[in-house]
Amino acid sequence: MKFFDFPQFDAHEHLNIFHDHESGLNAIVAIHRRGKKFAVGGTRMKNYLNFDAALDDALRLSKAMTYKLALAGIPLGGGKSVIIGDPGKDKSPEILAAFGSCIDSLQGAYCCAPDVGTSASDMLEIRNSTPYVRGIQNETGDSSLDTAIGVFHAIRAAMKHRFSKDNLQGVRIAIQGAGNVGSHLHAMLKREGTELIIADVNNERTAALNQDGQTSVVGIEEILLQDVDIVAPCALGNVISKDVIDKMKAVIICGAANNQLIDNEVAGYLNQKNILYVPDYVANAGGVIGGCRIDCDYSEEEAMSRIERIHDTCLTIFEQSTTQGKPTPEIVNTIAESRIKDLL
Ligand code: NAI
């Protein structure tokens, strides 16, 4: 494997590959930028097809983290760790302890946090082996509420830009995923008088959100194709393809899920079709803004006002996208790149 020729390599500063014989841990830690302090980013545990697929994720997601932090004005670098294995079958106290020792050996260059396949309670276990852990419950709290608040403000901005509307009364919104973020978002949007449709693979979750019968529940295949103003993907990545766009009735896409677009071409296609896409790492930055507040020394009030400013950031992005005729992800990347230089 030629690391420096790897497609996702973007002048990453460190790549660490760990194996622990006794626990069976295989892990990768990629640090895209360390900055003046350290890099931060989630720990993904996944049964990757092969090593290259795991490396691809670590490189791609650590770079995305640098961009996300920069856009949120946070002076930390982006990193990502992946543990190769099925979280349902392979996760064990031994693997988490060994992983913690690996993180500790980096001496604070990188702090891990929960991500797909790992939880806040896993982070508590990892912290028995290293202090370089973030996203522990009751310290910076559960990030999903902050994330949902950010998505809510991004939705407000999208409605203002597209329909010159200052409130969400009567706006029709389809939420894909009734998990932690989806549930908080559902509650906030309900208070604003929106008409809500939800779908989740887990029927108990949709039932919990529809106890008063005010929310429509549809199948997971149909949720993105509903006759609504906005779709909010809050479940998985890779859900917006050209095919979905051709069948979609919504004119705004704004949700929390990472990597919503199936590939880069889709961003241009959305632009052609005049569908306003709020780039995921702008809409879902609330969690990271709340989660970094202790390291970056700002108060809870300041964190909330930064999360609320996602609204204004979105308006700037939409205006530039309209005047320059470029897809929103292109505009966001340019803004993030200009901030990286100042922040790191
Ligand atoms: P979660 O795991 O609590 O919720 C995801 C929900 O999606 C679950 O209820 C699951 O049953 C459902 N789901 C899975 N496959 C589905 C499908 N095909 N159709 C409909 N529903 C399906 O996760 P959480 O925390 O709510 O996060 C949601 C998304 O936002 C994830 O993609 C996550 O990576 C992203 N995100 C979350 C952040 C956070 O602070 N929790 C921060 C940034 C991004």
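This is a short tour of a predicted model, with selections to make as you go.

Before you click: residues are numbered from 1 along each chain as its sequence is written. Since the model is predicted, local features need pLDDT of at least 70 and side-chain atom pairs count only at pLDDT 80 or more, while totals for chains, interfaces and linings use all residues, and side-chain values use heavy atoms, with hydrogens and water left out.

**Stop 1: the sheet**

Select β1 to β5 (strands are DSSP E runs of at least two residues, helices H or I runs of at least four, numbered from the N terminus). You get an open five-stranded sheet in the order β1-β2-β4-β3-β5, with mixed pairing; two strands pair if DSSP finds at least two bridges between them. The edges belong to β1 (14–20) and β5 (110–114), each with a single partner strand, so one side of each has no neighbour in the sheet. On average, neighbouring strands are turned by 25° against each other, direction ignored.

Now pick β2 (residues 25–31) and β4 (residues 77–84), an antiparallel pair with five bridges. Within it, look for A30 opposite K80 of β4.

Add α1, which packs on the sheet, touches β1, β2, β3 (39–46) and β4, and runs at about 155° to the direction of β4. Contact here means heavy atoms within 4.5 Å; axes are lines fitted to C-alpha atoms, for helices over the stretch in contact, with angles from 0 to 180 degrees between N-to-C directions. Then add α2, which packs on the sheet too, touching β1, β2, β3, β4 and β5, at about 35° to the direction of β2.

**Stop 2: S101**

Zoom to S101 in α2 (residues 93–105). At 42% relative accessibility, S101 counts as partly exposed (buried is under 20% relative accessible area, exposed over 50%, partly exposed in between; 1.4 Å probe, protein chains only). For a distance check, go C-alpha to C-alpha from S101 to E222: 121 residues in sequence, 45 Å in space.

**Stop 3: helix α13**

Select 328–343, the 16 residues of α13, whose end C-alpha atoms are 22 Å apart, in agreement with the 22 Å expected at 1.5 Å a residue (1.5 Å times one less than the number of residues). Color T328, I331, V332, I335, A336 and I340, which are buried. The buried residues of α13 pack against α1 (51–71), β11 (276–277), α9 (280–283) and α12 (310–324).

Finish with α12 and α13, packed at about 115° with their axes 9 Å apart. Show I317, F318, Q320, S321 and Q324 of α12 with T328, I331, V332 and I335 of α13: these make the contact.
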